[in-house]
Amino acid sequence: MTGSTTTPQTTAHALTEREREALAAVPGELFIAGRWLPAAGGARFPVLDPATGEVLCEVADADRDDALDALTAAHEAQPAWQATPPRERSEILRRAYQLLVDRTDELALLMTMEMGKPLAEAAAEIAYAAEFFRWFAEEAVRIDGGYTTAPDGASRFLVLHQPVGPCVLVTPWNFPMAMGTRKIGPAIAAGCTMVLKPAEQTPLCALALTDILAQAGLPDGVLNVVTTSRPGEVVEPMLRDGRARKLSFTGSTQVGRLLLAQAADKVLRTSMELGGNAPFLVFDDADLDAAVEGAMAAKMRNIGEACTAANRFLVQRGVADEFARRLAERMAALKMGRGTEPDVVVGPLIDAAGRDKVTELVADAVAGGANVLTGGTALDGPGTFYPATVLTGVPAGARIGREEIFGPVAAISAFDTEDEAIAAANDTEYGLVSYVYTRDLARSLRVAERLDAGMIGLNKGVVSNPAAPFGGVKQSGLGREGGRVGIDEFLETKYVAIPAP
């Protein structure tokens, strides 16, 4: 099969009235101690539409002094905030949840403009993002402790859980609203203050979210936001300052290693959700219709720009050709274009660097002998588009099997035995998520236990859920976000020894 998705219309785009209104509703300043402020040096940086390359607006460009001012605000607000009753913290999150739901259409449009994903996916992300606030609104009133007797009976143990303290939150561009709520929600519930540094490509969603939390009644200084085009200059001083007590980061493993080194200076509590290289295993007894459907979800969610995206398709040889044929047929039919256009499924990649990387990975695989069933060539013209692509016969040494693709490319390789599949799946420094398709119950459990991953999608192409613990092993991260354990990352355990009565 050859061909590609529909060529996008990427001529100069005049903003619609709804788009102008969505942009105008977002404060373009820093948010420090409850006030919208310009950057101390007066600098601003542009926010681009990746579908056209045009400037949408400009926002404040924070520097080191702004970051430390934000940390000061968080530090000063911490004592009063941690003393706030849990029910009050819960109600703030509940009101913010409802505001997000009520403004879904406006926020989805904003997300599509600055990040590129189609409107339907953007609306789904708003729902996903809001659910973190609802989940942690419920967890805020369930922070517990314990009272037990020492083994020798001579004393009692009182165990308390208290907020870690001021947190530095660093979020990525690919889920610009949900990655904010996944960190902000448990921090608020636990009683922690924060400084949020959103990705420079997508600051508008974070600013809109901040405005919503202010409307929901979050006290001044609890959440502070610094947008910047110079993340290193802004984040490192906060980590080395001594007043921050926790770092929560979602992003690449390379940047995560650097931040871990910086956080070590003051021994900060850290949560790291880093890169992935997810294998998608299809055994010959799988329901192929379900496997292809799951593959579309695992690969094409967010245009493939997700750490949970299926990166390596490992298919048992007896069904490999048929699986590839069906997947390529589905991928070739996807419409590509600006995410605001009707029926678009494949939006632009976030920027030229992202598209260039995908182009290089595909070229390397083809040079090594891989076959292109559909797509495979970046498009000329404005916007950073890359078509949905399916490769077969991907050689073992290809870069596309070792590096995170972050694009709409499915790289398929065949295997013969279960042991061979598991060895190939685990042959990576990453361990975020793995997907397995089989109708054999014993094999399902056996393979799930042997895979080196923090999450397993068993006959399911999407694993993310606010009520479930999200995170990986090996170099995919530290700690978990979401679920009942998500709030634990923002709590310290204190033990009080008491003489027996």
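The exercises below, each with a worked solution, concern pockets, aromatic rings and salt bridges in a predicted model.

**Exercise 1. Describe the largest pocket: its volume, the residues closest to its centre, and the elements that supply its lining.**

Step 1. The largest pocket holds about 1100 Å³ of space, and of the 41 residues that line this pocket, Trp-173, Phe-249, Gly-251, Ser-252 and Val-255 are the closest to its centre.

Step 2. Assigning the lining to secondary structure, one finds that helix H8 (231-241), strand E10 (246-250), helix H9 (253-264) and helix H12 (352-367) each supply at least two residues, while the largest share, seven residues, comes from H9.

Step 3. Sorted by class, the lining of the largest pocket has 17 nonpolar residues, together with 12 polar and 12 charged ones.

**Exercise 2. Carry out the analysis for the second largest pocket, and state which element gives the largest share of its lining.**

Step 1. About 390 Å³ of space lies in the second largest pocket, where, out of 20 lining residues, those closest to the centre are Arg-312, Leu-314, Ala-396, Gly-401 and Ala-424.

Step 2. Strand E13 (310-316), strand E16 (409-415) and helix H13 (418-426) are the elements that give two or more residues to this lining, and E16, with four residues, has the largest share.

Step 3. The class count for the second largest pocket is 11 nonpolar, four polar and five charged residues.

**Exercise 3. Classify the ring pair of Phe-280 and Tyr-437, and determine which parts of the chain the pair ties together.**

Step 1. A pair of aromatic rings is described by the distance of the centres and the angle of the planes. For Phe-280 and Tyr-437 these values are 5.1 Å centre to centre and 20° between the planes.

Step 2. Because planes under 30 degrees apart count as stacked, the pair of Phe-280 and Tyr-437 is stacked.

Step 3. Phe-280 belongs to strand E12 (residues 278-282) and Tyr-437 to strand E17 (residues 433-437), so the contact ties together parts that are 157 residues apart in sequence.

Step 4. Phe-280 and Tyr-437 are both buried, and ring pairs link these two residues with Phe-313, Phe-323 and Tyr-435 into a cluster; the count for the model comes to nine aromatic pairs.

**Exercise 4. Compare the setting of three salt bridges: Asp-49 with Arg-338, Glu-329 with Arg-325, and Arg-443 with Glu-418.**

Step 1. Side chains of opposite charge can pair when their charged atoms come close. The count for this model is 30 salt bridges.

Step 2. Asp-49 and Arg-338 meet at 2.9 Å, N to O. Asp-49 lies in the loop between strand E3 (44-48) and strand E4 (55-60), and Arg-338 in the loop between helix H11 (317-332) and H12, so this bridge ties together parts that are 289 residues apart in sequence. Both Asp-49 and Arg-338 are buried.

Step 3. The closest N and O atoms of Glu-329 and Arg-325 are 3.8 Å apart, and both residues lie in helix H11, four residues apart, about one turn of the helix. Glu-329 counts as partly exposed because its relative accessibility is 46%, and Arg-325 is likewise partly exposed, at 40%. Glu-329 and Arg-325 are also linked with Asp-289, Glu-322 and Arg-326 in a network of salt bridges.

Step 4. Arg-443 and Glu-418 have their closest N and O atoms 3.2 Å apart. This pair links distant parts of the chain, with Arg-443 in helix H14 (residues 441-450) and Glu-418 in helix H13, 25 residues apart, and both Arg-443 and Glu-418 are buried.

Methods
Residues numbered from 1 in each chain as written. Predicted model: local features only at pLDDT ≥ 70, side-chain atom pairs only at ≥ 80, totals over all residues. Heavy atoms only, no water. 1 Å grid on protein atoms, 1.4 Å probe; cavity = no way out; pocket = protein on both sides within 12 Å on 5 of 7 lines; lining within 4 Å. Points joined across faces, edges and corners; volume = space filled by probe spheres on them. Nonpolar A, V, L, I, M, F, W, Y, C, P; charged D, E, K, R; others polar. Phe/Tyr/Trp six-rings, centres within 6.5 Å; stacked < 30°, edge-to-face > 60°. Buried < 20%, exposed > 50% of the residue type's maximum accessible area, 1.4 Å probe, protein only. Salt bridge = Lys/Arg side-chain N within 4 Å of Asp/Glu carboxyl O.
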